Amino acid sequence: MDLQPLDFEKPIFELERRLQDLKEHSREHDVDLDSEVKAIEAKLRDTRREIYGNLSAWQRVQIARHVQRPFALDYVERCFTGWTELRGDRCFADDKAMPAGLATLDATRCVVITHQKGRNTKENVMRNFGCAHPEGYRKALRLMRLAQKFNLPVISLIDTPGAFPGIGSEERHISEAIAVNLREMMNLRVPIIAAVIGEGGSGGALGIGVADRVLILENSYYSVISPEACSAILWRDRKHAPEAAEALKLTAHDLLKLEVVDEIVDEPEGGAHRDYETAAFNLSSALRKNLAKLLETPTDQLLKKRYKKFRGLGNFAESKTNSGR
Amino acid sequence: MAIFKKPTLKTSQRKKRDIPQGLFQKCPGCEEVVSEIELNENLRVCPRCDYHFAVSAKERIGNLLDSQTFVEMDADLKSIDTLRFQGMASYKDRLKNYQERTGLTDAVISGHGMIEGYKVALAVMDFGFLAATMGSVVGERITRAIEYGTDERAAVIIVAASGGARMYEGMLSLMQMAKTSGALARHADARLPYLSVLTNPTTAGVMASFASLGDVIIAEPKSMIGFAGPRVIKETTHQDLPKGFQTAEFLEERGLIDMIVHRKKMRETISQLLGYLSSAP
């Protein structure tokens, strides 16, 4: 599969192509072009460092949405063994935008909940572009309860533009489905790790995102509103999405500063789509490390910590304490 | 020389009003003219068609609680512009603007008081303040009110109205959904009642957190209630929306809401529910 360059990556792709041409030329005609090759290689390194080292928020959003980015099931395949999908919310349907099931991480049996996007039109029709209906969140809750019953940790892989805004979604109460998950996850008596692997679209992401540890892949974003929608509201025009992306502080590094996420998982240079194996290795190492710590923590302490973590989020000024009590 | 002279066009002069502005308004429900005096005497419900006009949080508290029992909490909390948000107007300017316009410090008033002798922790949102969007202060006041309820073994009543999350606070705003819902988890574990009252409009992040979690969910008639905005749904799905979509009545029919209660009956209904769900006053 040829990599599809994003606009800002074009200089890199141009150099990569020239380098390849040069190497081929040198091989075919048996001429020594070593010095030229080295010069381009050096330039390529610099250009890469220059571009990938200074990614803007908007550029990262584009990487997070890259159609070739590894999706949840790509990670499930690489980080876990024995994936056994469990389907349906036992109420209405099976939401294919949120595959979930049992899998093993090293020797630890887990419940894995995901958002899954499609890579082409056919897949996207099935996966609804990773936008889940209430059924997805209710299936997630069913499996989280199953996890609690059998004392299995929960790992959720978040990658959604948002919960689906549609008639059926509203008729079957998407708000309630998300709200109930927020409440139930806070008290679920097993460790929960959430990892934002691509797009963390607002309530749809948070609906499986209340966790003891929230990880985020380096080029993922997690935002209260999409940059486009924010731009449409605040600038009355979707064209200002890059500024909105900057203003929303939605990148992994910004979120770590705000303490909304606990840890950043490194991606290979240029983004996870350039090297699935390295991305998956980094993610599974982070999951393993965090899970080991959480599994050592007594449940009551785990729940206290989880509450405290979310309880502490929010910035405001306060002049006196305990007013009105 | 022109034979016909161009007629000078005059715009018909508007009749001058004899009455000061704001004393009367057209009811959006029945399109009749109603006077402010009539409205205020009727809890701001149209006397002809029962359309529920917007009410400030202060008025709602007055309507719900036993008189003189309300004690406001956390009025000193103030929003800060963590993200230094600059759109067409800065967040700071907007806050200042709304504070001056509404006399409120933020979009919710919280505290405790009594309803027919039952002690309650109460939070009432005010749509007049930045569309009652949920930022850190709104989330914190609501969370503290819930925690007060848990600590004092009191029922929690939240009167919701909201346009959703407050995007000027970015992800800190989204996290208020988890924070408030988490506080409700503990309140529920303590087996205490939580009544959620939905008013026009309650949407998005607020609806997808505490507003949907009531042991009993009550709505005012004809309130617009939902997750996504109707325009977004139309643009995404290219479908016509069913009649009455996202109204309280629509959601009652589809099983989300326990009851639709007229504003005049709200206090009575709540005290009746507290009678069933609270321990004796």
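# Close-up views of a predicted two-chain model

**View 1. A salt bridge in chain A joins Arg119(A) and Asp74(A).** The closest N and O atoms of this pair are 2.6 Å apart. The model is predicted. The pair links distant parts of the chain, with the two positions 45 residues apart in numbering. Arg119(A) sits in the loop between strand E3 (108–114) and helix H5 (121–127) of chain A. Asp74(A) lies in helix H4 (residues 72–79) of chain A. Asp74(A) is buried, at a relative accessible area of 16%. Arg119(A) counts as partly exposed, at 23% relative accessibility. Across all chains, the structure holds 43 salt bridges.

**View 2. Glu184(A) forms a salt bridge with Arg145(A).** Here the closest N and O atoms are 3.4 Å apart. Which helices does the pair link? Glu184(A) belongs to helix H8 (residues 174–187) of chain A, and Arg145(A) to helix H6 (residues 134–149) of chain A. The two residues are 39 residues apart, in distant parts of the chain. Glu184(A) is partly exposed, with a relative accessible area of 23%. Arg145(A) is also partly exposed, at 43%. Glu184(A) forms a salt bridge with Arg183(A) as well. For Glu184(A) and Arg183(A), the closest N and O atoms are 3.0 Å apart.

**View 3. Chain B meets chain A through 66 residues of chain B and 53 residues of chain A.** The area buried between the two chains is about 5,200 Å². Carbon and sulfur atoms give 67% of that area. Which residues of chain B lose the most area to chain A? They are Met167(B), Met171(B) and Phe227(B). Together they account for 14% of what the chain B side buries.

**View 4. Polar contacts and salt bridges cross the interface of chain B and chain A.** The count is 17 residue pairs in polar contact, with both residues at pLDDT 80 or more. Several elements of chain B each supply at least two residues to the side that touches chain A. They are strand E3 (71–73) and the helices H4 (136–152), H5 (170–189), H7 (230–237) and H8 (248–253). H5(B) gives the most, with 16 residues. By class, this side of chain B has 34 nonpolar, 19 polar and 13 charged residues.

**View 5. A salt bridge across the interface pairs Glu318(A) with Arg144(B).** The N to O distance is 2.8 Å. Side chains of opposite charge can pair when their charged atoms come close. How many salt bridges are found across the interface of chain B and chain A? The rule finds four. Salt bridges that share partners also build one network. Its members are Arg311(A), Glu318(A), Asp74(B), Glu140(B), Arg144(B), Glu147(B) and Lys179(B).

**View 6. A strand from each chain pairs across the interface.** Strand E9 (residues 316–317) of chain A pairs with strand E4 (residues 78–79) of chain B. The sense is antiparallel, over two bridges. Phe316(A) stands opposite Ser79(B) in E4(B).

**View 7. Thr143(B) lies in helix H4 of chain B.** Is Thr143(B) buried or exposed? Thr143(B) is buried, because its relative accessible area is 0%, and the cut-off for buried is under 20%. A polar atom of the Thr143(B) side chain lies 2.6 Å from the backbone oxygen of Gly139(B). Leaving out residues up to four places away in sequence, Thr143(B) touches residues of both chains. From chain A these are Tyr307(A) and Arg311(A). From chain B they are Lys179(B), Thr180(B) and Ala183(B).

**View 8. Strands E7 and E8 of chain B pair in the parallel sense.** E7(B) covers residues 155–162, and the pairing with E8(B) runs over six bridges. Ile157(B) has Leu195(B) in E8(B) as its bridge partner. E8(B), residues 194–203, is mostly covered. Nine of its ten residues are buried.

**View 9. Chain B as a whole has nine helices and eleven strands.** Its C-alpha trace spans about 95 × 45 × 40 Å along its principal axes. Of the 281 residues in chain B, 54% are buried. Among contacts in chain B with a separation of 6 or more, 67% join residues 24 or more positions apart.

Technical notes:
Residues are numbered from 1 along each chain as its sequence is written. Chains are lettered from A and ligands numbered from 1 in the order in which they are written. This is a predicted model: local features need pLDDT of at least 70, side-chain atom pairs count only at pLDDT 80 or more; totals for chains, interfaces and linings use all residues. Side-chain values use heavy atoms; hydrogens and water are left out. Contact means heavy atoms within 4.5 Å. Buried area is the accessible area (1.4 Å probe) that two parts lose on being put together, summed over both. A salt bridge is a side-chain nitrogen of Lys or Arg within 4 Å of a carboxyl oxygen of Asp or Glu. A polar contact is a pair of N or O atoms within 3.5 Å; within protein, one must be able to donate a hydrogen and the other to accept it, and residues adjacent in sequence count only if both atoms are side-chain atoms. Helices (H or I, at least four residues) and strands (E, at least two) are DSSP runs, numbered from the N terminus. Ala, Val, Leu, Ile, Met, Phe, Trp, Tyr, Cys and Pro count as nonpolar, Asp, Glu, Lys and Arg as charged, and the others, Gly among them, as polar. Two strands pair if DSSP finds at least two bridges between them. Buried means under 20% relative accessible area, exposed over 50%, partly exposed in between (1.4 Å probe, protein chains only).
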